[in-house]
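Trainee: Could we go through this one together? I would like to understand the reasoning behind the terms.
Mentor: Happy to; let's bring it up.

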Amino acid sequence: MSTDNEQLFAYLLRLGDNAVILGQQLGDWVGKGPELEEEMAMANFALDYVGQARMFYSLAAEVEGKGHNEDELAFLRDGMDFHNFLLVEQPNGDFATTIARQFYFETFYQLQLDALAASSEPRLAEIAIKASKEIHYHVRHTRLWLVRLGDGTEESHRRMQSAIDDLWRYTGEMFVADETDLWAAESGTGPNPAELHTDWSELVMTTLTEATLSQPEGEWMASGGKQGIHSEHLGFLLADMQFLQRAYPGATW
Amino acid sequence: MSKQDWPLFEIFIRAKSGLSHRHVGSLHASDADMAMDNARDLYTRRGEGVSIWAVESSAIVASDPAESSALFEPAEDKIYRHPTFYDVPEGVENL
């Protein structure tokens, strides 16, 4: 049985890990965006996520109380110590894949943040309120693209549907409550993710219908990210992201 | 869809309440909704505004540079149209 502080630390790490991984992924679009304007949007979103990760990690480091800082949590932990969803570490792929990943995750994240705004942990509530504004805009933007691509040309529809189908299997994990999630729900720190599922499904279904896309039906869901068991993609991503701090420990500029 | 197919939009930003919208630049977007998002991401990332107008560039009626002499030069020698021929009494504020 872990103490409250240990549980809170684990909980904050998950939030920070999701954010930092997505920040890194979206940053990778810079220089390769389909349109200049959209590339700027991706870069903005990346920075929003990195900013959120910093807040979650700073608080996590404070809660942990072992003298670590946000940079050490982001750059000096190995893959198995990351507890992000499998969904967020899936590669950018084509633009439709990125949109599908963002759509699945951010619609969940938005609900999560809205619930966290009422957290019994005031420092976490404060971060959630700030992040929620950013994510509401992300969702608006991502939905716009999902509908545009789904209800666009034959080619864009095909790619959007295939991305939505491919990533579906990674959505289940977000709603399966484990020990840490249950602790959060019982202590009033955060929502029980299972309870967010109905709202999420409704949001997803409405948007997919609007985008003339069909809802994926596969029932098998991949899981493990939250427990540190990752897909092969995370290692490469971390190698890229952590290179500088690994090669030049403590480097600043 | 290539960028050539996307219409150009002119973007106007209101810096704060009470001020008027000012032209800040232009951008490409496939429609009005995307123009609004793009304007937000391109022109308000440093807290530049509280309101955005996006206008499709083709909707703007512009004066023809070839006609500028006919349109504007006649006003140049009518200095009496400027309020420069009044003596302002000392101590008058808010004139």
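**Reasoning through the two chains**

Mentor: This is a predicted model, and in it 11 residues of chain B are in contact with seven residues of chain A.

Trainee: What makes two residues count as in contact?

Mentor: Their C-beta atoms have to lie within 7 Å. Leu12(A) touches Phe56(A), Leu59(A), Ala60(A) and Val63(A), so each of those pairs meets that cut-off.

Trainee: Back to the side of chain B that touches chain A: which element supplies the largest share?

Mentor: H1(B), with six residues. By character, that side of chain B divides into five charged, four nonpolar and two polar residues.

Trainee: Why are E1(B) and E2(B) called paired strands?

Mentor: Pairing needs at least two bridges. E1(B) and E2(B) have seven, in the antiparallel sense, so they qualify as a pair. One of the bridge partners is Gly25(B) in E2(B), which goes with Ile11(B).

Trainee: And what makes E1(B) and E3(B) a pair?

Mentor: The reasoning is alike: six bridges join these antiparallel strands, and the cut-off is at least two, so they pair. In E3(B), Ser51(B) stands opposite Arg14(B).

Trainee: Which side chains of E1(B) are buried?

Mentor: Phe9(B), Ile11(B) and Ile13(B), which point to one face. Being buried takes 20 or more other C-beta atoms within 10 Å, so each of these three reaches that count. Leu8(B), Glu10(B), Phe12(B) and Arg14(B) point to the other face and are not buried.

Terms used: Residues numbered from 1 in each chain as written. Chains lettered and ligands numbered in written order. Predicted model: local features only at pLDDT ≥ 70, side-chain atom pairs only at ≥ 80, totals over all residues. Helix = DSSP H or I, 4+ residues; strand = E, 2+ residues; numbered from the N terminus. Nonpolar A, V, L, I, M, F, W, Y, C, P; charged D, E, K, R; others polar. Buried ≥ 20, exposed ≤ 12 C-beta atoms within 10 Å, placed from the backbone. Lists of a residue's contacts leave out its neighbours within four places in sequence.
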